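Welcome, and please open the model in your viewer. We will walk through it stop by stop, selecting one part after another.

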Amino acid sequence: MASFFGASPATAPPVTVPAAKAVAASSVPPCPGSHPSTPLCLQPAITITENTSEVFAIKFNPDGKFLAACCGDGAIRVFNSETGRMAYNLQRGSAVALPSTAVKFRPDVESVKTKNVLVSADALGNVEHWHMTSGKCLHSFKEEDNQIFALDFRPDATQFATAGKDTAIRIYDEQTKQQVVKMERGLGFGPSAAPGHSNRVFAVKFHPNDPNVLISGGWDNTIQVWDCRAGKAQRSIFGPHLCGEAIDLQGDVILTGSHRADDPLELWDFGSGEKISTVKIFDDGRSEPSQLYSAQFAKASLSGYDEKPRLIACGSSGVNEARVYDMENGNCCVGVVGGMTRAVFATDWSPKANKLAVAGGDASIRFVNVVEKGNVEGGADENVTQN
């Protein structure tokens with residue numbers, strides 16, 4: 001794992017879990033510590049134990065009913081997010097395969113005729129389009145001499161971007177599957193050199209309101225802001241050290257999650273590049289390092305609240321847990337999803353509800369819902385704690 005995701009824990013033996021089992025979760029014990037309060041809490045849903053290999057990337061489909069998982073054995077497994085059962089196995093795993101590392105569903109826009117299409121990438125540089133419901137691979141190509149760690153679609157589904165080991169950002173036309181532009185660091189040094197990445201890239205994100213702008217981050221401690229029309233980076237934000245899909249953008253706010261012990265979760269102003277704030281990871285007296293692999297804004301709005309960013313989720317190594325924060329209430333910790341024996345590599349919010357999926361090195365996939373306090377249903381789950 002270290003060869004793909006940086007300073008991760010030592011690789012453990014293959015994980016064995018019970019087959020075809022979705023464990024229902026229930027109520028939650030109180031979370032210790034005193035910190036700003038929030039009217040929200042986590043409601044445990046289900047834990048998928050049917051998966052048999054570590055998970056490097058997860059993504060909900062556009063209606064939130066299914067979750068695709070990229071696994072360490074090369075498999076791409078799709079699970080029903082309500083029942084936890086595996087619905088589709090798009091690419092079967094192998095003990096000798098390299099990991100499947102990135103996945104994105106094509107946006108479900110009016111101009112797209114074929115629905116339920118996702119794109120996956122792996123550590124060999126393969127990029128594959130899959131039709132989820134039929135299980136067919138619609139198209140595939142390979143980026144030679146590259147390991148791909150990141151994917152994203154333009155909001156209008158006309159293009160998609162890839163990034164990885166060779167530091168370049170490539171944009172492809174979704175209809176023709178042909179490369180439109182390859183964006184990379186300019187030659188030279190100093191102020192005259194064009195900005196760009198100098199090391200592996202682990203996250204790319206199209207601007208939700210300007211599809212000609214893309215941001216990216218990775219091992220070189222920079223966030224690059226790219227103009228896709230000009231084919232080059234326009235400016236850099238210095239500081240974040242990304243080792244996974246730990247970048248997001250809502251409105252003019254950039255979220256980054258760094259794989260380091262000090263101040264890993266940060267908010268930045270897109271326009272100026274200045275840091276807005278640091279989200280304090282631990283506010284309950286704990287001191288364990290929390291080095292992040294994932295960070296993401298919630299996609300759906302809460303009833304009674306506007307569309308600006310409110311909820312943040314992040315997943316980490318060190319403490320091997322995921323946390324949810326409420327930006328409307330002093331970045332208060334809403335709750336913690338713990339109990340993992342290995343790092344959390346991936347988190348994803350459902351696009352239709354405030355449901356969070358959490359996955360990583362122990363092969364399980366956990367789902368929790370964010371609800372108003374007083375509306376929690378079900379019984380106890382010792383691995384989920386609240387504020």
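Two strands count as paired if DSSP finds at least two bridges between them. Keep that in mind for the first sheet on the tour, and remember throughout that this is a predicted model.

**The whole chain**

Start with everything shown as a cartoon. You will find 1 helix and 30 strands. Of the 387 residues in the chain, 58% are buried. Now switch on the surface: the accessible area is about 15400 Å², and carbon and sulfur atoms account for 49% of that. Taking contacts between residues at least 6 apart in sequence, 54% join residues that are at least 24 apart.

**An open sheet**

Next, select residues 100-105 and 136-142. These are β7 and β10, the edge strands of an open sheet, and each pairs on one side only. Add what lies between them and you have 4 strands in the order β7-β8-β9-β10, paired antiparallel. On average, neighbouring strands here are turned by 20° against each other, direction ignored.

Strands of a sheet pair through backbone hydrogen bonds, either parallel or antiparallel. Zoom in on residues 126-131, strand β9, which is joined to β10 by 6 bridges in the antiparallel sense. One of the pairs to look for is histidine 131 with its bridge partner in β10, lysine 136.

**An enclosed strand**

Now select residues 355-360, strand β28. How many of its 6 residues are buried? The count is 6 of 6, so β28 is largely enclosed by the rest of the structure. Show the side chains: Lys355, Ala357 and Ala359 point one way, while Leu356, Val358 and Gly360 point the other way, and all are buried.

Add the partners of β28 in turn:

- Residues 344-349 are β27, which pairs with β28 in the antiparallel sense over 5 bridges. The two strands form a hairpin with 5 residues between them, and valine 344 has glycine 360 as its bridge partner in β28.
- Residues 365-372 are β29, running antiparallel to β28 and joined to β28 by 5 bridges. Valine 358 has arginine 366 as its bridge partner in β29. This hairpin has 4 residues between its strands, and alanine 363 takes a positive phi near 80°.

**The largest nonpolar core**

Select Ile215, Ile254, Leu265, Ile312 and Tyr325. These residues have the most contacts inside the largest nonpolar core, which has 27 residues. Elements that give two or more residues to this core include β16 (213-218), β17 (222-227), β21 (265-269) and β24 (311-317).

Stay on tyrosine 325 and display its surroundings. Leaving aside neighbours within four places in sequence, tyrosine 325 is in contact with residues including Leu265, Val279, Ile281, Ile312, Cys314 and Val334.

**Two cysteines**

Which is buried and which is partly exposed, cysteine 137 or cysteine 333? Cysteine 333 has 3% relative accessibility and therefore counts as buried, whereas cysteine 137, at 37%, counts as partly exposed. If you look for disulfides, the structure holds 0.

**A loop residue to finish**

Last, select asparagine 61, in the loop between β3 (55-60) and β4 (66-71). Is this loop residue buried or exposed? Its relative accessibility is 2%, so asparagine 61 counts as buried. Apart from neighbours within four places in sequence, asparagine 61 is in contact with Phe66, Phe105, Asn116 and Pro351.

Note on methods
Residues numbered from 1 in each chain as written. Predicted model: local features only at pLDDT ≥ 70, side-chain atom pairs only at ≥ 80, totals over all residues. Heavy atoms only, no water. Buried < 20%, exposed > 50% of the residue type's maximum accessible area, 1.4 Å probe, protein only. Contact = heavy atoms within 4.5 Å. Areas by Shrake-Rupley, 256 points an atom, 1.4 Å probe, with all protein chains shown as cover. Axes fitted to C-alpha atoms, helices over the stretch in contact; angles between N-to-C directions. Disulfide = S-S within 2.5 Å. Core = buried A, V, L, I, M, F, W, Y, C linked by side-chain atoms within 4.5 Å.
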